[in-house]
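Visitor: I am new to reading protein structures. Could you walk me through a few features?

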Amino acid sequence: MLRITGGKVYDPANGIDGVVKDICVSDGRVVTDTHAEGGRTIDARGLIVFPGGVDAHTHVAGAALNFARGLTPENMRRGHPFVHSRELRAGLGGVTPTTFATGYMYAGMGWTTVNEAAVPILSARHTHEELHDTPILDKSCLVLMANNEIVLDLLEAGEIERATHVVAWLIWAAKAYGVKAVNPGGVAAWKWGKDAKILSAPIEGYKTLTPATIIAGLAKIVDELRLPHPVHLHCNNLGIPGNVSTTLETLRILDGHRAHLAHLQFHAYGGDDWGSLRSEAAALAEYFNAHPNLTTDAGAMLFGETVTITADGPLEYMLHQLSGRKWGNVDVENETGCGIVPHAYKPNKLVNAVQWAVGLELLLLINDPWRVFLTTDHPNGACFWRYPEIIRLLMDVEFRKEQIKLLPEKAQKRIVLADVDRQYTLSEIAIISSAGPARALGLSQKGHLGVGADADIALYEERPESGILFEFPRYVIKGGDVVVEDGAVRNVRNGRQFVVRPAFDHQIEDYLRPLFQKVYTMSFDNYPVEVERLHQPDIKPCG
Ligand SMILES: [Zn+2]
């Protein structure tokens, strides 16, 4: 039994907005106040009590991360208090912290669940090992599907029913939680040095298949399989001036389906070229405000050094050409690709200044906080450990306007942020950082503090000395255990792994096996991740 008394509770999923009340925890869950004696009591007077943070879109595990760490050795000594502690496992900080450090740093900020957003099936086994190595947090992962050539061939042939069984089989093979679509068709085309920039144009190597067919097909399949999380889409033309037209066209294709748009900041640009790039966040926000079938995460950008990692191979090649920085590329057989480029966002650069504003504009102009979530597409827009900086910009309009004045004058004319006076409330912060993403992921036991919820709770000073909220929680409770106390990780435990098991016809293996034996470097029997390999799996059947 653990009792948290006297704190001001923010639990928007249950309509509780800054009410002083006790929270009782037993066996890892929130329970009713039983007046049971014994156990620990935390005096939370002067603290605000939040459901543990849930990150809807991050990159923390897998081969690409290791590639990025290798490409940025100069980052590796960058420290963090949790990384240099005698009591904890060794780890490296920097922009792509290693597994143990990732767990400590997320928990050390009050976040307790993360969704790893891009896993190729071929390296899913490795990803699961790294996720297991990432302590404290509960995790889920999304499997890359929009450039899988077996799926694409079926979509081109119009064999949606068979494609549905194949996608279900592949999700279970990867032990994933949902479907990610990155630059549909563009990553497959990249194997011939091409991209897929026009949604209605056939993809290189195909006769009739277009990005539009893939987007519509995957959205339908994910709905059909009744996955808890809708198709999670990284649109075509990420990062390109004028890409808002592609994004809006994509949204129209998704009409009638549930969908989650990833890191929308990178898809909200107007202009014809780099010199005329401007924000189109207002147009996208207007579309979102009128379409409740959609959710998104901000993919906000902050100035500074980072490293970009994405399955969007052609984009990374372009970024490498533009910036002259180091570039890594991996083609993942028949499934996907991956590119990595270290990058620095600078406030005096017009493009970066606009990007900085666009992320904030989306968070402020999309009216419903239940449908736009706090992310930086870690580490692409910025590292996850910088979330408190974004929260401050959302909550303090005066501070935000001071920062806007520091941008180049030219950039200030390309954005609308200076005209936005909205300030986030604490309750709205709890929604975009926890309750909203938990709901969009279909994790009903996360993101709230009602009876039966997982006891993942973060307690912060209501008035921290630094003036910056959410930087260092006073306590973090994960599954009922106090894991962080007074700025130090005190208790390291392993989290669970959320996996879905969609229904499929087992005869689909008769179709897949000969294809695999013909085209893959790995044999069919070795391909699926064994369920025994997962540590503490939480398997949700669906379909
Ligand atoms: Zn991402």
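Guide: We will go through strands, a sheet, a metal site and a side-chain contact. Keep in mind that this is a predicted model.

Visitor: Let us start with strands. Which residues of strand β16 lie on one side and which on the other?

Guide: Here is the general idea: in a regular strand, side chains alternate between the two faces of the sheet. Now look at β16, residues 294–297: L294 and T296 are on one side, T295 and D297 on the other. These residues are all buried, so both faces of the strand are covered.

Visitor: Which strands pair with β16?

Guide: Strands of a sheet pair through backbone hydrogen bonds, and the pairing is either parallel or antiparallel. In this structure, strand β13 (residues 259–261) runs parallel to β16 and is joined to it by 3 bridges. Strand β20 (residues 372–373) also pairs with β16 in the parallel sense, over 2 bridges. Find T296 in β16: L261 stands opposite this residue, and so does V372 in β20.

Visitor: What is the strand order in the open sheet of 4 strands?

Guide: The order is β5-β4-β1-β6, and the pairing is mixed. At the edges are β5 (29–31) and β6 (40–43), each pairing on one side only. On average, neighbouring strands of this sheet are turned by 30 degrees against each other, with direction ignored. For an antiparallel example, take β4 (residues 23–26) and β5, which pair over 3 bridges. There, S26 stands opposite R29 in β5.

Visitor: Which protein donors does the zinc ion have?

Guide: They are H57 (NE2), H59 (NE2) and D377 (OD), lying 2.0 to 2.1 Å from the ion. Along the chain, the donors follow the spacing H-x1-H-x317-D. H59 and D377 link distant parts of the chain, 318 residues apart. H59 sits in the loop between β8 (53–58) and α1 (63–71), while D377 sits in the loop between β20 and α12 (387–395).

Visitor: Why are H59 and D377 called buried?

Guide: A residue counts as buried when its relative accessible area is under 20%. H59 has 7% and D377 has 4%, so both are buried.

Visitor: One last feature: which side chain makes a polar contact with that of R125?

Guide: The side chain of E530 does, at 3.3 Å. R125 lies in helix α3 (residues 124–133). Leaving aside neighbours within four places in sequence, R125 is in contact with several residues, including M522, Y527 and R533.

Definitions and conventions. Residues numbered from 1 in each chain as written. Predicted model: local features only at pLDDT ≥ 70, side-chain atom pairs only at ≥ 80, totals over all residues. Heavy atoms only, no water. Buried < 20%, exposed > 50% of the residue type's maximum accessible area, 1.4 Å probe, protein only. Pairing = 2+ DSSP bridges. Axes fitted to C-alpha atoms, helices over the stretch in contact; angles between N-to-C directions. Donors = N, O, S within 2.8 Å, 3.2 Å for Na, K, Ca; no water. Polar contact = N/O pair within 3.5 Å; in protein donor to acceptor, adjacent residues only side chain to side chain. Contact = heavy atoms within 4.5 Å.
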